[in-house]
Amino acid sequence: MNNTKIGWIGLGKMGIPMSVQLIKAGFAVTVFNRSKEKERELKEMGSEIASTPAELIQQVEVIIIMVSDDIAIDAIFKGENGLLSTSSSDKIIINMSTVSPGISRRMADLCAKQGNSYLDAPVSGSVKQAEGGQLVIMAGGNNQIFEKVKPILDKMGKLALRVGESSAGNTAKLAVNTLLAIHAQGLAEAIVFANKNGIATEDLMTIINNSALGNVFGKIKGEAIIKENYQAAFALKHIAKDLRLAKAEGLDTPLGDSVYQTFQKAELAFGEEDIISVIKQIKG
Ligand code: NAP
């Protein structure tokens with residue numbers, strides 16, 4: 001499938017490294033981003049630039065979207081010069097953004113009416129995994145379409161798993177990010193408690209990362225936590241958004257409720273900073 005023409009929409013923290021993986025794998029990638037200055041890096045790597053999503057869909061066979069949220073997806077599909085504003089057929093649209101299951105079902109229906117296919121395929125992992133093609137991809141939608149594009153997904157991830165029909169990928173992602181939020185808050189609470197009682201963050205992280213509780217999250221975020229570097233790799237506003245989506249889908253459990261409350265409050269002060277700034281929220 002290497003001669004498949006790919007269109008990429010959304011060049012944020014994740015969209016850039018993910019699309020670069022496809023260019024490195026030899027795909028011809030045409031890009032579109034709302035803020036045009038972010039297209040420069042891809043242009044320098046040889047990408048074509050489309051001026052609108054409508055222009056993009058005419059030029060490619062597979063469109064991959066990696067943007068913030070439901071509002072962005074609405075704009076890209078239904079806005080002026082959006083994907084649905086022009087007639088097209090036999091295109092495959094893969095939405096890798098973390099969005100609500102509801103918007104995926106609606107967009108899948110609208111795409112089908114045009115004769116196009118839609119897959120939801122959100123990812124677990126952050127910028128480092130995106131740079132290394134090591135994301136975990138969970139997909140929802142037609143199995144034949146999934147198998148057709150799996151060679152493309154495999155260039156961005158170490159695992160691409162179809163978990164059900166349209167929107168199932170989004171639901172799986174909300175479950176995974178609920179656990180991520182619980183883990184991040186748990187780690188924050190352990191650090192705040194340890195610090196209060198005279199234990200240095202660096203020592204605690206060394207112990208955790210060498211113990212049975214050590215995991216990739218602690219290893220990736222460890223240095224930033226120790227140095228109190230809160231610059232966003234995964235902005236806290238995104239996990240706050242994911243917890244709102246999970247809540248709307250029925251998340252109603254003791255830890256689920258707790259992280260929902262914590263991250264909604266933390267977003268007001270630290271939304272643009274990394275998820276680890278929940279430590280500052282817990283510290284109070
Ligand atoms: P980001 O850096 O904030 O980038 C967001 C992208 O969405 C930008 O390209 C932005 O365009 C575009 N966008 C936002 N609103 C838009 C609108 N109304 N119309 C058109 N485009 C719009 O986000 P990110 O960190 O790459 O995350 C992207 C998605 O992946 C999110 O759903 C996030 O939850 C999920 N995710 C992120 C991570 C992570 O570690 N960062 C990990 C897993 C999943 P502009 O450049 O014009 O602003």
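**Exercise 1. Place the ligand relative to the domains.**
Task: In this predicted model, which domains supply at least three residues each to the shell around the ligand?

Solution:
- Step 1. Take the domain bounds: domain 1 spans 5-166 and domain 2 spans 172-283.
- Step 2. Check the shell against both. Domain 1 and domain 2 each give at least three residues.
- Step 3. Turn to the helices. Helix H4 (70-78) and helix H11 (236-248) are the elements that give two or more residues to the shell.

**Exercise 2. Describe the shell and its polar contacts.**
Task: How many residues surround the ligand, and which are the closest?

Solution:
- Step 1. Count the shell: 22 residues surround the ligand.
- Step 2. Name the closest: Asn33, Ser35, Lys38, Ser68 and Ser126.
- Step 3. Sort the shell by type. It has nine nonpolar, nine polar and four charged residues.
- Step 4. Find side-chain polar atoms facing ligand oxygen atoms. Lysine 241 has an N or O atom 2.9 Å from one. For arginine 34 the distance is 3.0 Å. For histidine 238 it is 3.2 Å.
- Step 5. Add the burial. The ligand alone exposes 900 Å², and the protein buries 90% of that.

**Exercise 3. Examine the cavity.**
Task: Which residues line the largest cavity, and which helix gives the largest share?

Solution:
- Step 1. Start with the count and volume. One cavity reaches 30 Å³ or more. The largest has a volume of about 40 Å³.
- Step 2. List the lining: Ala184, Leu187, Ala188, Phe217, Ile225, Ile275, Ile276, Val278 and Ile279.
- Step 3. Classify these residues: nine are nonpolar, none polar and none charged.
- Step 4. Assign helices. H8 (168-196), H10 (216-227) and H13 (278-283) each supply at least two lining residues. H8 gives the largest share, three residues.

Key
Residues numbered from 1 in each chain as written. Predicted model: local features only at pLDDT ≥ 70, side-chain atom pairs only at ≥ 80, totals over all residues. Heavy atoms only, no water. 1 Å grid on protein atoms, 1.4 Å probe; cavity = no way out; pocket = protein on both sides within 12 Å on 5 of 7 lines; lining within 4 Å. Points joined across faces, edges and corners; volume = space filled by probe spheres on them. Helix = DSSP H or I, 4+ residues; strand = E, 2+ residues; numbered from the N terminus. Nonpolar A, V, L, I, M, F, W, Y, C, P; charged D, E, K, R; others polar. Near = heavy atom within 4 Å. Polar contact = N/O pair within 3.5 Å; in protein donor to acceptor, adjacent residues only side chain to side chain. Areas by Shrake-Rupley, 256 points an atom, 1.4 Å probe, with all protein chains shown as cover. Domains from an automatic or database assignment.
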